[in-house]
Amino acid sequence: MTVDNYQSIPQPDEIDIREKEDAMGAYLMMFAALGAGLPLPILNLIAAIIYYYINKGKSLFVRFHALQSLLSQLPTSLLNAVAVFWGLRIIFLDYPFTDVFKGYLWLVGIANLLYIIFSLIGAVKARKGEMYYFILFGRLSYQSVFKKKSFEQNRIVNQPPK
């Protein structure tokens with residue numbers, strides 16, 4: 001990963017307030033979708049996908065934060081979905097309420113708590129115009145958003161007549 005293969009990262013004073021708010025919204029979208037879709041954990045993921053596709057063309061800064069927010073929701077959404085469907089089986093199909101399920105609920109609760117904490121930090125940093133990299137998803141998002149595309153590297157430059 002060399003610097004030459006990536007576009008420059010915008011600095012906080014180069015980002016207008018609208019972009020900062022849109023980037024912050026990527027993280028806060030999760031809370032709105034969480035409230036509306038608590039029984040359907042995949043609703044958060046659908047909302048994040050829609051938010052990403054609506055806002056990805058605004059700027060690299062907004063695109064980075066929207067993608068990072070989307071990617072970081074994948075594990076918690078999957079964990080939540082399994083917990084909901086496992087719980088529904090226990091409630092409606094009389095499966096036993098085992099210690100394994102209790103342990104899984106603890107795992108899901110801790111994962112959600114960590115996700116909420118990191119999302120709040122990401123939202124605050126985005127509102128300040130700062131880049132904030134989640135442990136795995138930050139690198140993936142950076143490489144996806146800021147990497148120069150091959151057509152940009154082989155850009156044709158018009159020349160005066162020789």
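Colleague: Is L114 buried or exposed, or somewhere in between?
Modeller: This is a predicted model, in which local features need pLDDT of at least 70 and side-chain atom pairs count only at pLDDT 80 or more, while totals for chains, interfaces and linings use all residues. Residues are numbered from 1 along each chain as its sequence is written, and side-chain values use heavy atoms, with hydrogens and water left out. Buried means under 20% relative accessible area and exposed over 50%, with partly exposed in between (1.4 Å probe, protein chains only). L114 has a relative accessible area of 45%, so L114 is partly exposed.

Colleague: Which residues form a nonpolar patch on the surface together with L114?
Modeller: L114 lies in helix α4, residues 99–127 (helices are DSSP runs of H or I with at least four residues, strands are runs of E with at least two, and both are numbered from the N terminus). A patch takes residues with over 30% relative accessible area and no salt bridge, joining like charges within 9 Å and nonpolar side chains (Val, Leu, Ile, Met, Phe, Trp, Tyr) within 5 Å. The whole patch has about 680 Å² of accessible area (Shrake-Rupley method, 1.4 Å probe, only the protein chains shown counting as cover for residues), and L114's partners in the patch are W106, I110, L113, I117, F118 and I121.

Colleague: How many salt bridges does a search of the whole structure find?
Modeller: A salt bridge is a side-chain nitrogen of Lys or Arg within 4 Å of a carboxyl oxygen of Asp or Glu. One of them joins E130 to K125, with the closest N and O atoms 3.3 Å apart. Searching the whole structure gives a total of 4.

Colleague: K58 forms a salt bridge with which residue?
Modeller: The closest N and O atoms of this pair are 3.2 Å apart. The pair links distant parts of the chain, 36 residues apart, with K58 in the loop between α2 and α3 and its partner in helix α1. K58 is partly exposed at 42%, whereas the partner counts as buried because its relative accessibility is 7%. R18 joins these two in a network of salt bridges, and the partner of K58 is D22.

Colleague: What separates D99 and K102 along helix α4?
Modeller: D99 forms a salt bridge with K102, the closest N and O atoms being 3.6 Å apart. D99 counts as exposed at 61% and K102 as partly exposed at 37%. Since they are 3 residues apart in α4, their separation is about one helical turn.

Colleague: How large is the arc that the buried residues of α2 cover around the axis?
Modeller: N44, L45, A47, A48, Y51, Y52 and N55 are buried in α2. They sit on the same side of α2, because the arc that they cover (taken from the directions from the helix axis to the C-beta atoms) is only 160 degrees.

Colleague: Which exposed residues does the other face of α2 carry?
Modeller: This face is turned away from the buried side of α2. The exposed residues there are Y53 and I54.

Colleague: What is phi of D94 near?
Modeller: D94 is found in the loop between α3 and α4, and is exposed, with a relative accessible area of 68%. Most residues other than glycine have a negative phi. D94 is not glycine, yet its phi is positive, near 60 degrees.
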